[in-house]
Amino acid sequence: KMFNSFKRIAPRLSRLNITTKTAQRLEPSVASSLTALGIREIFEHEHDMYRELVRKFYIDEVIPFHSKWEDEGQVSREVWRKAGENNMLCVTMPEEYGGLGLDILFAAVGWEEQSYANTTGPGWFLHSEIVALYILHYGTHEQKEKYLPKMISGEIITAIAMTEPGAGSDLQGMRTSAVKDGDDYIINGSKTYITNGFMCDAVIVCAKTNPNVKGSRGISLFIVDANTPGFTKGSKLKKLGMKAQDTSELFFEDCRVPQSALLGEEGKGFSYLMAELPQERLLVGEMALASAEACYEWTRSFVKERKAFGATLNDLQTVRHRLAAMKTEICIARTYADHCLKLHKAGELDNTTASMAKYWLTDLQSKVADECVQLHGGAGYMWEYNVTKAFADGRVSRIYAGSNEIMKELIARGI
């Protein structure tokens with residue numbers, strides 16, 4: 001079924017002069033580059049074809065405009081629509097809603113290529129592999145038909161609102177409420193640090209529907225359209241990194257939504273969140289590792305050209321040894337990440353394994369980015385260099401989707 005679905009975009013792929021088919025797939029440790037096409041045994045030729053399409057899209061439609069979007073604090077709506085036209089959004093969604101019905105490895109190709117392009121502005125990963133998944137798994141037929149086709153086409157942009165000023169990785173402090181009033185719910189509260197928050201046309205809101213129970217129980221999910229009275233957006237937040245990704249506060253003041261806005265069953269929101277977290281944490285870890293791979297390659301090229309003491313930096317043993325250590329750690333991490341992808345494709349990825357991936361891979365990303373900045377010298381402090389942006393953009397990966405301290409606590413519970 002996957003390959004039958006893929007035939008829909010095969011004619012366009014065939015025009016890209018595909019050259020990646022090989023008799024034997026190399027692993028990154030022995031490939032010409034950690035980001036080379038046609039490597040890693042978890043992928044097949046069809047994934048390589050899709051990767052070329054995605055890589056070309058980033059080169060043509062995203063990279064040339066990203067600096068402008070950084071200044072504006074958001075990407076354009078046009079690039080969202082183009083992403084939809086080019087099969088970049090919600091690729092795992094079923095064909096009946098306009099998706100391609102492809103496996104999670106195709107989505108992973110998209111995550112990796114966004115990191116390789118060093119363009120953190122488009123919040124496609126959250127829209128496609130987080131929000132769409134909640135609607136697919138817990139939504140009614142009417143909700144799926146209303147939102148999924150437009151999400152796949154890029155006609156609408158979506159977000160999910162969990163974090164509050166007093167509740168981040170631990171949702172037990174959530175104060176946003178949704179009180180039943182006849183056939184409606186009235187939502188009051190605020191959310192912060194919401195990716196796609198400023199541009200979103202619809203947002204999944206986590207709210208307490210039963211204030212009489214403690215902790216994480218009594219949480220429900222609602223799909224709230226941006227034009228709903230009582231729902232307002234704050235200004236775009238100024239961040240350390242990810243400057244082109246719109247992030248904002250959301251406010252709900254007597255925001256009345258109908259019963260049909262409830263996503264899934266009342267009071268089961270927390271269990272839904274827990275069920276979908278493994279993919280979210282794997283996604284964050286995967287993008288972090290891909291960023292580390294890209295940082296290594298940018299730095300490898302830089303030290304081969306940069307002159308110091310009458311030779312290139314690469315002629316210095318200490319520099320070569322630092323690169324060797326970096327590559328070794330990245331390749332070890334890639335082995336574990338690909339193992340997690342295989343587990344997830346088979347439906348066997350558990351919370352503990354995903355938490356390990358998220359914590360370890362994002363920590364490694366920060367370590368590699370810092371080392372690469374150092375090897376760039378003064379250039380590593382200049383925003384025009386890829387490693388500088390990756391250093392700033394990557395810092396949040398250890399915080400969102402559950403901080404790494406929380407990841408360690410989750411892992412420790414099973415010890």
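Which element gives the most to the lining of the second largest cavity? Keep that question in mind during this tour of a predicted model, which begins at the open pockets, passes through the enclosed cavities and ends at the cores and a strand.

**The largest pocket**

Begin by selecting T163, I399, Y400, A401 and G402, which are the closest to the centre of the largest pocket among the 47 residues that line it. The volume of this pocket is about 1,300 Å³. To see where the walls come from, colour α7 (124–138), β3, α9 (269–305), α11 (351–376), α12 and α13, each of which supplies at least two residues of the lining; the largest share, 7 residues, comes from α9. Sorted by class, the lining of the largest pocket holds 23 nonpolar, 15 polar and 9 charged residues.

Stay with Y400, which is placed in the loop between α12 (386–394) and α13 (404–412). Y400 counts as partly exposed, because its relative accessibility is 25%, and partly exposed covers the range between the 20% and 50% limits. If residues up to four places away in sequence are set aside, Y400 touches M242, V284 and K358. For one of these partners the separation can be followed in two ways, since Y400 and V284 are 116 residues apart in sequence, while their C-alpha atoms are 8.5 Å apart in space.

**The second largest pocket**

Next select T92, I104, L133, H137 and Q279, the closest to the centre of the second largest pocket among its 21 lining residues. This pocket contains about 390 Å³ of space. Helices α7, α9 and α10 each supply at least two residues of its lining, and α9 provides the largest share, with 4 residues. The classes found in this lining are 9 nonpolar, 6 polar and 6 charged residues.

**Where two helices cross**

I104 also leads to a helix contact, for it is one of the α6 residues that meet α10. Show α6 (residues 104–116) together with α10 (residues 317–345), whose axes come within 9 Å and cross at roughly 145 degrees. On the α6 side the contact is made by I104, L105, A108, W111 and E112, and on the α10 side by R334, L341, H344 and K345. By class, this contact of α6 with α10 has 5 nonpolar, 1 polar and 3 charged residues.

**The enclosed cavities**

A search of the whole structure finds 4 cavities of 30 Å³ or more, and two of them are visited here. For the largest cavity, with about 180 Å³ of space, select S115, T120, M242, M287 and Q365, which lie nearest its centre among the 16 lining residues. M242 has been met before, as one of the residues that Y400 touches. Helix α9 gives the most to the lining of the largest cavity, with 4 residues, and the lining as a whole divides into 7 nonpolar, 8 polar and 1 charged.

The second largest cavity holds about 130 Å³ of space, and of its 14 lining residues M88, A107, G110, W111 and E129 lie nearest its centre. Two or more residues of this lining come from each of α3 (45–62), α6 and α7. The opening question is answered here: α6 gives the most to the lining, with 5 residues. By class, this lining has 10 nonpolar, 3 polar and 1 charged residues.

**The nonpolar cores**

W111 can stay selected, as it is among the residues with the most contacts inside the largest nonpolar core, together with W124, Y134, M151, I204 and I330. This core has 102 residues, and α9 gives the most to it, with 15 residues. Centre the view on I204 and, leaving aside its neighbours within four places in sequence, look for its contacts with V131, Y134, I135, A159, I160, A161, L221, F222, I223 and L263. Apart from the largest core lies another, of 19 residues, among them A207, F222, L250 and A261.

**Along strand β3**

Finish on strand β3 (residues 184–195), where T192 is placed and where N188 also lies. Is T192 buried or exposed? T192 is buried, because its relative accessible area is 5%, whereas N188 counts as partly exposed at 26% relative accessibility. Setting aside residues up to four places away in sequence, T192 touches T163, E164, P165, L237, S248 and E249, and N188 is in contact with R175, T176, S177, F252, E253 and D254.

Definitions and conventions: Residues are numbered from 1 along each chain as its sequence is written. This is a predicted model: local features need pLDDT of at least 70, side-chain atom pairs count only at pLDDT 80 or more; totals for chains, interfaces and linings use all residues. Side-chain values use heavy atoms; hydrogens and water are left out. Buried means under 20% relative accessible area, exposed over 50%, partly exposed in between (1.4 Å probe, protein chains only). Contact means heavy atoms within 4.5 Å. Axes are lines fitted to C-alpha atoms, for helices over the stretch in contact, and angles run from 0 to 180 degrees between N-to-C directions. Ala, Val, Leu, Ile, Met, Phe, Trp, Tyr, Cys and Pro count as nonpolar, Asp, Glu, Lys and Arg as charged, and the others, Gly among them, as polar. On a 1 Å grid over the protein atoms alone, a cavity is a set of points where a 1.4 Å probe fits but cannot get out, and a pocket is an open set with protein on both sides within 12 Å along at least five of seven lines; lining residues have an atom within 4 Å of a point. Grid points are joined across faces, edges and corners, and a volume is the space filled by probe spheres set on the points. A nonpolar core is a set of buried Ala, Val, Leu, Ile, Met, Phe, Trp, Tyr and Cys residues joined through side-chain atoms within 4.5 Å.
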